[in-house]
Every structure is written in C-alpha cells, then in structure tokens.
Amino acid sequence: MAERQKLSEADVRARLPEIPGWELVDGKLHKAFRFESFVQAFGFMTSVALVAEAMNHHPDWSNVYNRVTIDLNTHDVGGISALDFTLAKRIDAIAG
C-alpha cells in the first residue's frame, strides 16, 4: 500500500505546507493544540481516537489540562508516510 511507504525527509519537507502548523521534530510530524478547558481537550482526543482507530493509524500524544501534543509517524515503516499527512489533515479538521 503506497500510503504506508516511508517518505524521504525531502518529500516530508515538501509536503509540510499541506498541514499548516505542523512541523518536523525528531523524525515525526508534531503539533501542539490548546483548548479552553480540559473537557474540550479530552473531547478533541476522543474524536481523534475514533478517526485514528478507523484508519488503523494511532498517534503518539499527551494531554496536560487544556493542551494536547501530537506526534505522527508510521511505526511499521520506521518514518513518516502519506498516512501521517492524511491523519494530520483529519486532526486539523476536528480541531476546527
């Protein structure tokens, strides 16, 4: 499946403009989100979890009160794939 093939660093950097606010950190797509409250942050995480499960592609993330930090990479290819960009776009759509 082409969507799960590892992208070169040059390809990743070329595609970063597709996902504003995301950056390349330690070989992963990285973005931090801030919400009005813990409940909103947790609700966001729940919505992302449902999408991620449907895609069978799960983020590395953390939550502290109203902040959610997300890192994306495709573990089974050892780097970033097109699937990470697809999930990042879906996450941004959920965040609004």
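## The chain as a whole

Of the 96 residues in this chain, 38% count as buried. Keep in mind that you are looking at a predicted model. If you walk along the sequence, you meet the pattern α-β-β-α-β-β-α, which gives three helices and four strands.

How big is the chain along its principal axes? The C-alpha trace spans about 35 × 25 × 20 Å. For 96 residues, a compact globule would have a radius of gyration near 12 Å, and the 13 Å found for this chain agrees with that. There is also plenty of contact across the sequence: looking at contacts with a separation of 6 or more, 64% come from residues 24 or more positions apart.

## Helix H2 and its two sides

Let's look at helix H2, which runs over residues 38-55. Its 18 residues reach 25 Å from the first C-alpha to the last, close to the 26 Å expected at 1.5 Å a residue. Which residues of H2 are buried? They are Ala41, Phe44, Met45, Val48, Ala52 and Met55. Seen down the helix axis, these buried residues fall within an arc of 100 degrees, so they line one face of H2. A bit of background helps here: an α-helix has 3.6 residues a turn, so residues three or four places apart point the same way.

Turn to the face of H2 that points away from the buried side, and you find the exposed residues Val39, Leu50, Glu53 and Ala54. And what covers the buried residues? The cover includes strand E2 (28-34), strand E3 (60-64), strand E4 (67-72) and helix H3 (82-95). Just after H2 comes asparagine 56, which takes a positive phi of about 55 degrees.

## Aromatic rings

Now for the rings. A pair of aromatic rings is described by the distance of the centres and the angle of the planes. Searching the whole structure turns up five aromatic pairs. One of them joins phenylalanine 33 and phenylalanine 35, a stacked pair with 6.5 Å centre to centre and 15 degrees between the planes. Phenylalanine 33 counts as buried, at 8% relative accessibility, and phenylalanine 35 counts as buried too, at 15%.

Phenylalanine 33 also pairs with phenylalanine 44: the ring centres are 5.0 Å apart and the planes sit at 45 degrees, so this pair is tilted. That pair links distant parts of the chain, with phenylalanine 33 in strand E2 and phenylalanine 44 in helix H2, eleven residues apart. Phenylalanine 44 has a relative accessible area of 4%, so it is buried. Put Trp22 together with Phe33, Phe35 and Phe44, and you have one aromatic cluster.

Another ring has a charged partner. Arginine 15 lies over the face of phenylalanine 85, at 4.5 Å from the ring centre.

## A look at glutamate 23

Where does glutamate 23 lie? You'll find it in strand E1, residues 23-25. Is glutamate 23 buried, exposed or partly exposed? Its relative accessibility is 43%, so it counts as partly exposed.

Leaving out residues up to four places away in sequence, glutamate 23 touches Leu16, Lys28, Leu29 and His30. As for valine 12, it is eleven residues from glutamate 23 in sequence, and the two are 9.8 Å apart in space, C-alpha to C-alpha.

Definitions and conventions:
Residues numbered from 1 in each chain as written. Predicted model: local features only at pLDDT ≥ 70, side-chain atom pairs only at ≥ 80, totals over all residues. Heavy atoms only, no water. Helix = DSSP H or I, 4+ residues; strand = E, 2+ residues; numbered from the N terminus. Expected span 1.5 Å × (residues − 1). Buried < 20%, exposed > 50% of the residue type's maximum accessible area, 1.4 Å probe, protein only. Arc of directions from axis to C-beta. Contact = heavy atoms within 4.5 Å. Phe/Tyr/Trp six-rings, centres within 6.5 Å; stacked < 30°, edge-to-face > 60°. Lys NZ or Arg CZ within 6 Å of the ring centre and 35° of its normal. Rg over C-alpha atoms; globule rule 2.2 N^0.38 Å.
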